[in-house]
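Reader: I am new to this structure and would like a close look at its nonpolar core. Could you walk me through that part?

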Amino acid sequence: MVPKVHFIVYVGEADEKKRFVSPISFLNHPSFQKLLSEDEEEYEFNHPMAALTIPCSEEAFLDLIDSFQSS
């Protein structure tokens, strides 16, 4: 179950995707919006996982999350 004010995002490249539960507040962050733009280019919002899928490495996504929490 996903907590309120959170969303599911799948992160990864090729066939290896990892599921993250992320706070809605991430959607307002400029770096996350950049990832969404890349997502639109990659998938045209037609997500094979039936959820938001971001085409970046898990490590890059975790680094991004860490930067949100330290700012």
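Author: Happy to; here is a walk through the core and its aromatic rings.

This is a predicted model, where local features need pLDDT of at least 70, side-chain atom pairs count only at pLDDT 80 or more, and totals for chains, interfaces and linings use all residues. Residues are numbered from 1 along each chain as its sequence is written, and side-chain values use heavy atoms, leaving out hydrogens and water.

A nonpolar core is a set of buried Ala, Val, Leu, Ile, Met, Phe, Trp, Tyr and Cys residues joined through side-chain atoms within 4.5 Å. Buried means under 20% relative accessible area, with a 1.4 Å probe and protein chains only. The largest core here has 14 residues, and Val-9, Val-11, Phe-32, Ile-54 and Phe-61 touch the most other members. Two or more residues each come from strand E1 (6-13), helix H1 (30-43), strand E3 (52-54) and helix H2 (58-70); helices (H or I, at least four residues) and strands (E, at least two) are DSSP runs, numbered from the N terminus. H2 gives the most, with 4 residues.

Now look at the rings. Phe-7, Phe-20, Phe-26, Phe-32 and Phe-61 form one aromatic cluster; rings of Phe, Tyr and Trp (its six-membered ring) pair if their centres lie within 6.5 Å, and planes under 30 degrees apart count as stacked, over 60 as edge-to-face and the rest as tilted. The structure holds 4 aromatic pairs. Phe-20 and Phe-61 have ring centres 4.9 Å apart and planes at 50 degrees, so this pair is tilted. Because Phe-20 sits in strand E2 (residues 16-23) and Phe-61 in helix H2, the pair ties together parts 41 residues apart in sequence. Both Phe-20 and Phe-61 are buried.

Notes: Buried means under 20% relative accessible area, exposed over 50%, partly exposed in between (1.4 Å probe, protein chains only).
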